[in-house]
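Visitor: Could you take me through the ligand site and the salt bridges of this protein, giving the cut-off behind each term?

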Amino acid sequence: MGFEEVAQACDGEKWFQLYVVHQELAEHMVQRALTAGYTTLIITLDVSVNGYRERDIRNEFGLPLRFTPSLLLDGILHPAWALRFMRNGMPQLANFVTSQSTSLEVQAALMSRQMDATFDTESLKRIREIWPHTLLLKGLVRHEDANIAVQCGADGVILSNHGGRQLDCSISPMETLAEVAQVMDKPVLIDSGFRRGSDIVKALCLGADMVCLGRATLYGLAAQGEAGVDGVIQLLKQDVDRTLAQIGCPSTNLLNSKYLTSAK
Ligand SMILES: Cc1cc2nc3c(=O)[nH]c(=O)nc-3n(C[C@H](O)[C@H](O)[C@H](O)COP(=O)(O)O)c2cc1C
């Protein structure tokens, strides 16, 4: 399902995340998102080159899917999954399939599935000029970079190391959150590694305005579809409430760094 169809299927606030594979294509996608009614644009910056994912290499995972002996064996061992796969056909990158750009350069960039490593502050400012709504930059961890983001017109940042999926030894955004939140007068969101409500409470204490979830909700989705995602969110909400009660704080709005340190 492409993002236009997603927009039509829901009436909530719509956020659109963009990888810049090619500047021309990026600007085209931004225009499409605008027309489709999205009001927040997230540009992800931390995949300027693809991470070296050894597990993907070992499992021969890549796009488009290749029918290797191990994939075929997997299909035989998971008949329900194989049936669904055969019914729906090869997974597509739906947003790109509907892209109207015919430029050879853009097609080559898409084929290589590699981000545009030349994307810089000037390229970012060009996107800022054509996007009139909220712009968030995702994938930075340092306060110096957060400042540059704001100078380029960002309305906020999402501190993230991509869940450690790009460079597993990269700095965790939790380590830098307090410092960034102190110097930023714009919203600071965070993701990477949030699995428990108490993790969320800690981030709010350190100055995060919002915590985003990646795999926690995906695990729910894989296990039980939409109900699984709802289930994970409910579990986390309960855990946030329980943690608030345990630390004696009546509301997430009142959390601050004092809840993390012992009284002296
Ligand atoms: C399967 C998968 C696909 C992802 N795809 C994207 C993506 O297209 N764009 C993006 O900005 N981040 C993507 N991410 C990273 C998440 O947005 C997020 O930064 C990360 O998962 C947070 O860490 P967590 O999974 O520990 O919560 C992806 C993560 C996973 C697990």
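The questions and answers below turn to the ligand first and to charged pairs afterwards.

Guide: This is a predicted model, in which local features need pLDDT of at least 70, side-chain atom pairs count only at pLDDT 80 or more, and totals for chains, interfaces and linings use all residues. Residues are numbered from 1 along each chain as its sequence is written, and side-chain values use heavy atoms, with hydrogens and water left out.

Visitor: How many residues surround the ligand?
Guide: A residue is near a molecule if one of its heavy atoms lies within 4 Å of it. The closest residues are Thr44, Lys138, Asp191, Gly193 and Arg215, and the full number surrounding the ligand is 15.

Visitor: How many residues of the shell around the ligand are charged?
Guide: Asp, Glu, Lys and Arg count as charged, Ala, Val, Leu, Ile, Met, Phe, Trp, Tyr, Cys and Pro as nonpolar, and the others, Gly among them, as polar. By these classes the shell has two nonpolar and eight polar residues, while the number of charged residues is five.

Visitor: How far is an oxygen atom of the ligand from an N or O atom in the side chain of Asp191?
Guide: A polar contact is a pair of N or O atoms within 3.5 Å; within protein, one must be able to donate a hydrogen and the other to accept it, and residues adjacent in sequence count only if both atoms are side-chain atoms. The side chain of Lys138 has an N or O atom 2.9 Å from a ligand oxygen, and a backbone N or O atom of Gly193 lies 2.8 Å from a ligand oxygen. For the side chain of Asp191, the distance is 2.7 Å.

Visitor: Which residue forms a salt bridge with the side chain of Glu27?
Guide: A salt bridge is a side-chain nitrogen of Lys or Arg within 4 Å of a carboxyl oxygen of Asp or Glu, and by this rule the count comes to five. Glu27 meets its partner at 3.6 Å, N to O, and that partner is Arg126.

Visitor: Is Arg128, which pairs with Asp155, buried or exposed?
Guide: The side chains of Asp155 and Arg128 meet in a salt bridge at 3.0 Å, N to O. Buried means under 20% relative accessible area, exposed over 50%, and partly exposed in between (1.4 Å probe, protein chains only). Asp155, with a relative accessible area of 25%, is therefore partly exposed, whereas Arg128, at 18%, counts as buried.
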